[in-house]
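Biologist: I would like to learn how to read helix packing, chain contacts and overall shape from a model. Please take me through them.

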Amino acid sequence: MTRRARIALFVVAGGCTAALLVLGVLDLPHFGSSFHPYRDASLAAAVAHKTSNVISSVNFDLRALDTLGEETILLASVIGVTVLLRPAEDEHEHQPVGEGRLLDSTRMVGYLFLPITVMIGLLTVAHGAVTPGGGFQGGVVVGTGIHLLYVAGSYRALERARPVGLAELGEAVGAGAFACMGIAGALAASSFLGNVLPLGAFGDLFSSGSVLFLSVAVGVEVASAVVVLLAQFLHQAVEVTGEEKEAA
Amino acid sequence: MRVYAYLVAVFVLLVGAFGIVRSRNLVHAVVCLSIAQSATYVMLLAIGYQSKATPPVFGSPATKPNTSTVEPLVQAMTLTDIVVSATVTALLLAVAVQVHKRHGTVDPNELAALRG
Amino acid sequence: MLSYDDSASLLLAASIAVPIIAACMLLALGRKLPRTVVDGVAAATAAGVVAMLGFLLANAANGRVVNWVGNWHPKHGYSVGIVLVGDEVGTGIALLAGCLVFLALVYSWRYFESVEAHYHCLMLLFLAGMVGFALTGDLFDMFVFFELMGAAAYALTGFKVEDPTAVQGALNFGIINSLGAYVGLMGIGLLFARVGNLTLPQLHDALAHHHADALVVAAFVAVITAFLVKGAMVPFHFWLADAHAVAPTPVCVLFSGVMVPLGVYAAFRVYWLVFADAIPVADVRRTFVVLGALTAVVGAVMCLAQRHFKRLLAYSTIAHVGLFLLAAGCLTESGTAGALLYVAGHAGVKSALFLLAGVMLNRYGSVDEVDLFGRGRDTRLTKWLFAVGGLALAGLPPFGTAIGKAVGEEAGLSSGYEWMPVVFVAVSALTGGAVLRATGRVYFGLGDQPRGENHSTSGSAEEAEVPMLLSRVRITMLVPILTLLVGALAVGLLPGAHHAAEEAAGHFIDASAYAREALTGRAVHAAPTPDVGNWTASGILLGLLSAALAVAVAAAALYARRLRLLDRATSGLDRATDRLRALHSGHVGDYVAWMMAGMTVLGAFVGLPLR
């Protein structure tokens with residue numbers, strides 16, 4: 001279709017769809033209402049399982065199968081990126097030339113914040129059951145925090161610090177551990193992904209049973225996945241060239 | 001105010017879709033797709049909100065468990081979705097990188113390989 | 001006697017977890033393991049999943065298998081957890097997915113390019129997504145597994161990264177399916193806000209017998225759109241031909257054989273469980289019947305216009321999806337049974353044809369029927385397999401496609417649509433005829449040298465999937481093809497197939513029994529369905545008619561130039577379909593605009609009668 005025809009079709013059809021969705025939305029309970037049956041039930045369930053962070057309880061205890069699915073999507077996407085960004089036959093890799101100019105202050109800030117960021121990420125993962133946080137959030141912080149080394153240092157320093165093979169192993173172990181915990185629960189207590197570990201005391205670091213372990217497994221997986229993902233894109237950008245670029 | 005947040009969600013979804021329709025660059029189209037996904041976050045979080053309610057986290061000793069919190073389920077859905085959609089967007093961007101390498105362009109109007 | 005936690009119900013969860021664990025193991029160790037071991041582990045995992053699901057299917061015949069994950073059993077009809085429900089249709093379609101993944105992995109044994117073990121990891125994760133999607137009884141969980149299927153599928157589609165069409169097809173596929181998923185998530189949010197829970201049984205109880213207001217209609221349109229984007233209903237179908245043309249052959253098998261039918265399955269599952277008692281039946285029936293007929297006709301016409309054999313098969317999948325929608329859209333037990341039989345038979349036949357297309361690609365380096373004219377004359381077995389596949393696609397008895405067609409036609413007639421058998425016969429004849437035409441050109445050298453100025457996508461740019469072109473068909477390619485054709489025959493020949501399908505369909509549409517069994521754990525005894533034989537005389541006759549018409553269509557296409565009258569007619573048809581072909585532009589912006597148009601049409605069909 002021509003550009004004008006396409007936009008005209010969208011304006012008409014999108015307008016009608018907008019009308020449909022707006023009419024639907026007008027029948028929702030008003031913004032800020034107190035009708036939340038799931039909130040009532042899940043709060044009681046989380047407290048019964050001694051989990052102070054109800055969101056983590058929903059993620060890793062009440063609806064753990066969803067989280068298994070979500071982290072598997074992450075795994076599949078990162079494997080997909082690895083497959084899609086693999087060097088093709090007509091391309092070859094080269095060593096990155098030089099390091100570029102970098103302000104000393106940038107370098108210093110990067111080196112200073114790297115351990116702080118990674119530590120914050122690890123704490124977020126470890127306290128997932130108690131404070132706002134958990135495997136997903138902390139894993140992203142750790143995974144991207146490591147890349148401060150690239151910002152502050154050099155690509156070669158980053159490559160030495162994070163072997164991609166190890167990160168792929170971390171992904172596989174994290175995702176596999178989550179699913180294996182589910183199977184273990186099924187074999188031991190007839191409860192797939194059930195919270196069958198000792199629950200501990202409310203508010204403690206080691207409370208809420210399996211929520212902590214699943215959170216750590218997800219943290220390992222997400223951090224490794226972010227590292228692998230960024231490694232593939234950086235590799236493409238920094239090290240891979242096609243035929244034409246070489247000639248030029 | 002009773003429906004404003006929901007209307008924003010509907011608007012953002014359609015803006016994202018419109019962005020893809022009129023896009024001249026596939027990277028832009030993928031980003032518009034993630035804008036459309038943000039609309040779902042707005043919708044979910046708006047649905048879960050309750051006025052004058054606390055967050056559903058009781059970690060500090062000062063916060064005793066109470067029954068007047070916002071909906072935890074939509075927050076759980078949103079936070080996992082954000083992380084996961086970052087990787088799915090990355091997957092689509094990787095495809096766009098390859099499209100650029102193979103076709104020499106990222107303009108959908110110039111991609112003629114799959115007609116008819 | 002229903003029990004939530006016995007071993008059968010835990011198998012529901014295990015059949016999702018086992019492929020994930022196997023994929024993780026292959027990811028961790030794939031670099032170090034020899035290719036044969038990787039192939040073996042992946043195929044064995046798929047076989048294990050098939051065994052588990054076969055056991056579950058046998059159990060499901062006695063009553064749904066229910067598992068509340070994490071043992072969050074409902075109290076007073078409310079639960080905070082996620083439920084997995086294995087009824088006959090759910091476990092059956094999951095079993096189909098497992099079988100097809102197994103056969104696809106056998107087909108790609110050893111010579112198929114695999115990046116370390118990543119191809120096998122993606123296939124296993126795709127399997128986990130399909131099984132989870134089929135078995136779950138929770139709406140948000142369906143969305144999660146829908147995204148999992150999507151992520152693995154986008155990566156598998158763009159697998160041949162050196163191929164320009166592959167990456168364009170993958171991007172179109174990815175953007176459209178993801179946008180559909182996000183629209184669906186908006187609908188899920190609307191339902192959650194109304195009901196306060198996301199599991200299908202609880203949604204059923206909350207919405208049943210309440211008048212459908214704008215929220216329910218908007219949620220219906222949004223959720224059904226998401227599933228029918230996957231299910232490639234017109235006008236959400238544009239991505240399918242783009243993705244099928246370029247994905248590796250074993251992956252196309254999975255797309256056409258089970259992933260696209262899963263979209264149709266989900267649409268009807270959610271309709272029956274959540275919306276059937278809220279929205280008037282006649283409105284929904286009209287919607288599915290009209291859009292199904294449109295899908296079938298568009299698919300058939302576009303199918304005939306293709307010279308790229310895989311795109312031809314892709315459009316025939318769209319046409320057959322239209323027929324599934326017609327059968328199931330009658331919203332009766334027999335219509336649903338017809339759709340089930342047709343999906344099973346179609347999976348066998350279409351998958352075999354895709355694998356045969358792979359044989360064509362890997363022997364000649366092309367799938368273009370114009371360029372390969374007469375190249376296959378010296379093959380001995382392949383040419384006849386193609387011919388059998390084409391006839392089976394047209395609905396030749398006793399293939400499963402024929403029995404599905406027959407039951408679907410009956411259901412259409414008893415719902416008052418006298419024109420439905422005509423559409424069934426015409427569409428299956430046209431699609432089967434297109435396959436026979438291609439077979440005749442490539443493998444028998446029949447007909448005149450075709451004109452090359454067809455504006456459709458050429459198939460010569462496709463790249464072979466093996467390092468060197470094959471000189472003969474390998475046994476690991478032949479065995480899956482034969483298995484699939486025999487399987488399609490079995491659907492039609494096994495005594496009691498029709499009866500089993502009617503029973504399964506009865507349980508599928510019985511939403512209140514599903515809700516009762518899931519929420520109370522007490523088995524609900526349904527009335528047994530009457531015994532029906534497999535074939536009726538009219539079914540057999542219409543099947544033979546379709547096959548004969550398919551041969552006639554192929555002959556007309558092959559010899560059009562010799563008969564000048566026919567030549568003028570076909571070139572006139574070509575011009576008429578040019579506009580339709582131009583709409584299939586490969587431009588993702590067009591596809592999104594059509595998606596909005598489709599949502600508008602759905603909203604009009606369902607919402608306007610209710611005002």
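Modeller: This is a predicted model. In it, Leu68(A), Glu71(A), Thr72(A), Leu75(A) and Val78(A) of helix 4 of chain A meet Glu171(A), Ala175(A), Phe178(A), Ala179(A) and Gly182(A) of helix 9 of chain A. By class, this contact of helix 4 with helix 9 of chain A holds six nonpolar, two polar and two charged residues.

Biologist: How is the packing of two helices described?

Modeller: Two packed helices are described by the angle between their axes and the distance between the axes. For helix 4 and helix 9 of chain A, the angle is about 155° and the axes are 10 Å apart. Helix 4 of chain A is therefore roughly antiparallel to helix 9 of chain A, since angles over 145 degrees count as roughly antiparallel.

Biologist: Which hand does the crossing of helix 4 and helix 9 of chain A have?

Modeller: The crossing of these two helices of chain A is left-handed.

Biologist: Let me try the same reading on chain C. At what angle do helix 2 and helix 3 of chain C pack, and how far apart are their axes?

Modeller: Helix 2 of chain C, residues 35-60, packs against helix 3 of chain C at about 160°, with 8 Å between the axes. That angle makes helix 2 of chain C roughly antiparallel to helix 3 of chain C. The crossing of helix 2 and helix 3 of chain C is left-handed. From helix 2 of chain C, the contact residues include Ala42(C), Ala43(C), Ala46(C), Ala47(C), Val50(C) and Leu53(C). From helix 3 of chain C they include Gly92(C), Leu95(C), Gly98(C), Cys99(C) and Phe102(C). Sorted by class, the contact of helix 2 with helix 3 of chain C has 17 nonpolar, four polar and two charged residues.

Biologist: Which domains does chain C have?

Modeller: The domain assignment gives chain C a domain 1, residues 1-136, and a domain 2, made up of 137-447 + 471-513 + 531-610. Their centres, taken over C-alpha atoms, are 24 Å apart. The contact between them takes 33 residues from domain 1 of chain C and 42 residues from domain 2 of chain C.

Biologist: Which elements give two or more residues to the domain 1 side of that contact in chain C?

Modeller: They are strand 2 (83-86), helix 3 (88-107) and helix 4 (118-135) of chain C. Helix 3 of chain C gives the most, with 12 residues. The class count for the domain 1 side is 24 nonpolar, seven polar and two charged residues. Helix 3 of chain C thus appears in two readings: it packs against helix 2 of chain C, and it contributes to the side of domain 1 that touches domain 2.

Biologist: Now the contacts between chains. How many residues do chain A and chain C put into their contact?

Modeller: Chain A puts in 61 residues and chain C 62 residues. On the chain A side, helix 1 (3-26), helix 2 (37-48), helix 3 (54-62), helix 4 (64-84) and helix 9 (164-189) each supply at least two residues. Helix 4 of chain A has the largest share, 15 residues. The chain A side divides into 35 nonpolar, 16 polar and 10 charged residues.

Biologist: And how many residues do chain B and chain A give to their contact?

Modeller: There, 43 residues come from chain B and 50 residues from chain A. Helix 1 (4-21) and helix 3 (72-103) of chain B each supply at least two residues of the chain B side. The largest share of that side, 17 residues, is from helix 3 of chain B. By class, the chain B side has 30 nonpolar, nine polar and four charged residues.

Biologist: Last, overall shape. What does the radius of gyration say about chain C?

Modeller: The radius is set beside the value for a compact globule with that number of residues. For the 611 residues of chain C that value is near 25 Å, and chain C has 23 Å, which agrees. Chain C has 22 helices and two strands, and its C-alpha atoms fill a box of roughly 70 × 60 × 50 Å along the principal axes.

Biologist: What are the corresponding values for chain A and chain B?

Modeller: A compact globule of 248 residues would be near 18 Å, but chain A has 23 Å. Chain A has 11 helices and two strands. For 116 residues the globule value is near 13 Å, but chain B has 20 Å. Chain B consists of three helices and zero strands, and its C-alpha atoms fill a box of roughly 60 × 30 × 20 Å along the principal axes.

Note on methods. Residues numbered from 1 in each chain as written. Chains lettered and ligands numbered in written order. Predicted model: local features only at pLDDT ≥ 70, side-chain atom pairs only at ≥ 80, totals over all residues. Contact = placed C-beta atoms within 7 Å. Helix = DSSP H or I, 4+ residues; strand = E, 2+ residues; numbered from the N terminus. Nonpolar A, V, L, I, M, F, W, Y, C, P; charged D, E, K, R; others polar. Domains from an automatic or database assignment. Axes fitted to C-alpha atoms, helices over the stretch in contact; angles between N-to-C directions. Parallel < 35°, antiparallel > 145°, perpendicular 65-115°, else oblique. Left-handed = near helix turned anticlockwise from the far one by under 90°. Rg over C-alpha atoms; globule rule 2.2 N^0.38 Å.
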